[in-house]
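Q: Please pick one part of this model and take me through it closely. Short sentences would help.

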Amino acid sequence: MSHASSRQTDVAGRVWSAMHAFVTANDRNRELQEALGLGRGTGRVKVLLLLTNGPATLRDIAEANQIDAPYATVIVDKLVSLGLVERTAHPDDLRRKLVTITEAGQEATELARRIFFEPPAGLAALPPADLNLLDEVLTRLIAPPANTRVPGAD
């Protein structure tokens, strides 16, 4: 590895470390837990957010959140007990249940979105030029490169 590429790797490592530290320092999970009373973790919030797109079966919920069906049932049971979702018989298959968000659940997701997406004070205080530059750089990092070949897509 050349000296220039080693230096670039060092800088990339520092930038990655700084990004991680910034996100970790501004983690909103505790605020979310306190505001919504949903306990630790974000699984219940993720399920609520999923259900804002429409009703889903327990299998849909499990697959969308990459969890097993019994854990999806535990999450839904808790949300039902809090009045945030309700279970009804599936119209096409009475053996399955359909989970639907309630009005209280909609209100909880609106609060969750405000908490999640409100920028941290340090970020909001950056000068507009810095914010625009950061926006541009992060957009490039998130967007897949135009000439990237997907393995196995041949």
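**Around T57**

A: In β3, T57 has L98 as its bridge partner. This is a predicted model, where local features need pLDDT of at least 70, side-chain atom pairs count only at pLDDT 80 or more, and totals for chains, interfaces and linings use all residues. Residues are numbered from 1 along each chain as its sequence is written, and side-chain values use heavy atoms, with hydrogens and water left out.

Start with the sheet. Helices (H or I, at least four residues) and strands (E, at least two) are DSSP runs, numbered from the N terminus. β1 and β3 are joined over two bridges, in the antiparallel sense. Two strands pair if DSSP finds at least two bridges between them. The open sheet has three strands, in the order β1-β3-β2, with antiparallel pairing. β1 (56-57) and β2 (85-89) are its edge strands, and each pairs on one side only. Strands of a sheet pair through backbone hydrogen bonds, either parallel or antiparallel.

T57 also helps to line the second largest pocket. With T57, the lining holds L58, R59, A69, T73, R95, R96 and K97. A pocket is an open set of points on a 1 Å grid where a 1.4 Å probe fits, with protein on both sides within 12 Å along at least five of seven lines; lining residues have an atom within 4 Å of a point. The volume of this pocket is about 160 Å³. α4 (58-64) and α5 (69-81) each give at least two residues to its lining. Four lining residues are charged, two are polar and two are nonpolar.

Now follow these elements into the largest nonpolar core. Such a core is a set of buried (under 20% relative accessible area, 1.4 Å probe, protein chains only) Ala, Val, Leu, Ile, Met, Phe, Trp, Tyr and Cys residues joined through side-chain atoms within 4.5 Å. The core has 22 residues, and L48, L51, I61 and L79 have the most contacts inside it. At least two residues each come from α2 (29-36), α3 (43-51), α4, α5, β3 (97-101) and α6 (103-117).

Take L79 as one example. Neighbours within four places in sequence are left aside here; L79 is then in contact with L38, R44, V47, L48, L84 and V85. Contact means heavy atoms within 4.5 Å.

To sum up, T57 bridges to L98 in β3 and lines the second largest pocket. β3, α4 and α5 are among the suppliers of the largest nonpolar core.

Methods
Grid points are joined across faces, edges and corners, and a volume is the space filled by probe spheres set on the points. Ala, Val, Leu, Ile, Met, Phe, Trp, Tyr, Cys and Pro count as nonpolar, Asp, Glu, Lys and Arg as charged, and the others, Gly among them, as polar. Buried means under 20% relative accessible area, exposed over 50%, partly exposed in between (1.4 Å probe, protein chains only).
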